[in-house]
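Here is a friendly tour for someone meeting this protein for the first time. Have a look at the sequence and the model, then read on.

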Amino acid sequence: MPSVRFRLNGAETEIDADPDRSLLDILRGQLGMTGPHFGCGAGECGACNVIVGDRAVASCDAPLWSVADKDVTTVEGLGNAERPHPLQRAFIAEQALQCGYCVPGILMSAAALLNQNPSPSSGEVKQALDRNLCRCGSYNRVVRAVLRAAEGSTP
Ligand code: FES
Ligand code: FES
């Protein structure tokens, strides 16, 4: 079985697996990263989004080989309960989640946006999250939360 190396949340990682398997499958299975969620499995909903390099990528639609030697960040690498990322604090402050299933993917899309554009407009946030679907319909709160995180106004 060929091995593929990449950095996962800053840690050098080597995995023996079919390089054509989806990154999502590898992350959730062999690597135990259950933050990225399986939604559509077809690159349409964003529930599985992770950051590869500096871009949000649908991990269900990315083969393992495509991340060789790259940096992959999942929501586990964004923040945690002890040290939440400003986006996570803002999502809580705005109550921008209901069931929460879509949120890890949305957080990664939003983090990629703020890394590239720390002061986005509302329109730019909506555009960046255009491919993230939320069945609970929390869209307005999500946009407010991302803008709030950008402003740095959450204690
Ligand atoms: S599960 Fe990957 S985009 Fe929907
Ligand atoms: S909060 Fe339920 S799918 Fe988005």
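What follows goes from the whole chain to its cores and then to single residues.

## Ground rules

This is a predicted model, so to speak of local features we ask for pLDDT of at least 70 and count side-chain atom pairs only at pLDDT 80 or more, while totals for chains, interfaces and linings use all residues. Residues are numbered from 1 along each chain as its sequence is written, chains are lettered from A and ligands numbered from 1 in the order in which they are written, and side-chain values use heavy atoms, with hydrogens and water left out.

## The whole chain

Let's start with the parts list: the protein chain has five helices and five strands. Here helices (H or I, at least four residues) and strands (E, at least two) are DSSP runs, numbered from the N terminus. Going along the sequence, the pattern reads β-β-α-β-β-β-α-α-α-α. The radius of gyration is 15 Å, close to the 15 Å that the globule rule gives for 155 residues, so the chain is as compact as a globular protein of that length. That radius is taken over C-alpha atoms, and the globule rule is 2.2 Å times the number of residues to the power 0.38. Along its principal axes, the C-alpha trace spans about 50 × 30 × 25 Å.

How much of the chain is buried? Of the 155 residues, 43% count as buried, where buried means under 20% relative accessible area, exposed over 50%, and partly exposed in between (1.4 Å probe, protein chains only). The accessible surface comes to about 8,100 Å², and 47% of it belongs to carbon and sulfur atoms; these areas come from the Shrake-Rupley method with a 1.4 Å probe, and for residues only the protein chains shown count as cover. Take the contacts (heavy atoms within 4.5 Å) between residues at least 6 apart in sequence: 58% of them join residues at least 24 apart.

## Two cores

A nonpolar core is a set of buried Ala, Val, Leu, Ile, Met, Phe, Trp, Tyr and Cys residues joined through side-chain atoms within 4.5 Å. The largest one here has 25 residues, and those with the most contacts inside it are L87, F91, L107, L129, V142 and V146. Helices α2 (86-93), α3 (103-116) and α5 (139-151) each supply at least two of its residues. Which helix gives the largest share? That would be α3, with nine residues. Another core lies apart from it, with 16 residues, including V4, M33, L64 and V72.

To see who meets whom, try L107: leaving aside its neighbours within four places in sequence, L107 is in contact with V75, L78, L87, Q88 and F91. In the other core, V4 lies in strand β1 and counts as buried at 7% relative accessibility. Beyond four places in sequence, V4 touches T13, E14, I15, P19, L64 and A68.

## Two buried serines

S59 sits in the loop between β4 (55-58) and β5 (71-73). Is S59 buried or exposed? At 0% relative accessibility, S59 counts as buried. Not counting neighbours within four places in sequence, S59 is in contact with S22, L23, L24, L27, P36, C48 and V50.

S109 is in helix α3 and is buried too, with a relative accessible area of 5%. With neighbours within four places set aside, S109 is in contact with N49, A56, A128, L129 and N132.

## Out in the loops

Most residues other than glycine have a negative phi. N9, which is not a glycine, has a positive phi of about 50 degrees. You'll find N9 in the loop between β1 (3-8) and β2 (11-16), where N9 is partly exposed at 26% relative accessible area. D69 also has a positive phi without being a glycine, near 65 degrees. D69 is in the loop between β4 and β5 and counts as exposed at 57% relative accessibility.

A42, in the loop between α1 (23-28) and β3 (49-52), is partly exposed at 42%. A42 and D69 are 27 residues apart in sequence and 24 Å apart in space, C-alpha to C-alpha. G137 lies in the loop between α4 (122-128) and α5 and is partly exposed at 46%. From C-alpha to C-alpha, G137 and L97 are 9.0 Å apart in space and 40 residues apart in sequence.
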